[in-house]
Amino acid sequence: GGDGAFFTVHPRYRDLVKEHGEPGQGQPKISSIKEQAIVVTIQGGESGKTFTKKVLRTTLVKNIQVMIQRQFKIAPKDQLITWIDPTNQKIVLTEDPTRDLAYFYIKSDCILQVERQ
């Protein structure tokens, strides 16, 4: 009985838990700040100039918008921030500025594009 039947019906369960954490735990916990830190390049404005910033994966999009406002003089309400994910999908971060970068699967070395909208 018990657990044996469960694992017979769901043979990949242990592998998935190892990879993604226990179900219902939300985002997997990343143990250290160092593991949370990523480097993103922000490219934008009409100039096309770029700047690189070390941020945490838990940084909210609205906090990135403040950095962009300082660098490119574009008010947050006028910013369109996008990035092209590994599957070549254009992801719009400014649709929900209250989300963190991890929500959008932003990893180190991503290039965020900023346009005035």
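How many helices and strands does the chain have? Color by secondary structure and count: four helices and five strands, where helices (H or I, at least four residues) and strands (E, at least two) are DSSP runs, numbered from the N terminus. Going along the sequence, you pass through α-α-α-β-β-α-β-β-β.

A quick word on the ground rules. This is a predicted model, with residues numbered from 1 along each chain as its sequence is written; local features need pLDDT of at least 70, side-chain atom pairs count only at pLDDT 80 or more, and totals for chains, interfaces and linings use all residues. Side-chain values use heavy atoms, with hydrogens and water left out.

Now switch to coloring by pLDDT, the predictor's confidence in each residue, from 0 to 100. The chain averages 86, and 90% of its residues reach 70 or more. Among the elements, helix 3 (residues 33-36) has the lowest mean, 74, while helix 4 has the highest, 95.

Next, select the five strands. They form an open sheet in the order 2-1-5-3-4, with mixed pairing; two strands count as paired if DSSP finds at least two bridges between them. Strand 2 and strand 4 (90-92) are the edges: each has a single partner strand, so one side of each lacks a neighbour in the sheet. Zoom in on strands 3 and 4, which run antiparallel and are joined by three bridges. Thr82 is there, opposite Val92 in strand 4.

Bring helix 4 (61-72) back into view. Helix 4 lies across strands 1, 2, 3 and 5, at about 145 degrees to strand 2. That angle is between N-to-C directions, on a scale from 0 to 180 degrees, with axes as lines fitted to C-alpha atoms, for helices over the stretch in contact.

Which element gives the most to the largest nonpolar core? Helix 4 does, with five residues. Such a core is a set of buried Ala, Val, Leu, Ile, Met, Phe, Trp, Tyr and Cys residues joined through side-chain atoms within 4.5 Å; buried means under 20% relative accessible area (1.4 Å probe, protein chains only). Of its 20 residues, show Ile42, Ile64, Leu93, Leu101, Ile106 and Leu112, which touch the most other members.

Last stop: center on Ile42. Leaving out residues up to four places away in sequence, Ile42 touches Lys49, Thr50, Phe51, Ile64, Ile68, Phe72, Leu112 and Val114, a contact being heavy atoms within 4.5 Å.

Conventions
Buried < 20%, exposed > 50% of the residue type's maximum accessible area, 1.4 Å probe, protein only.
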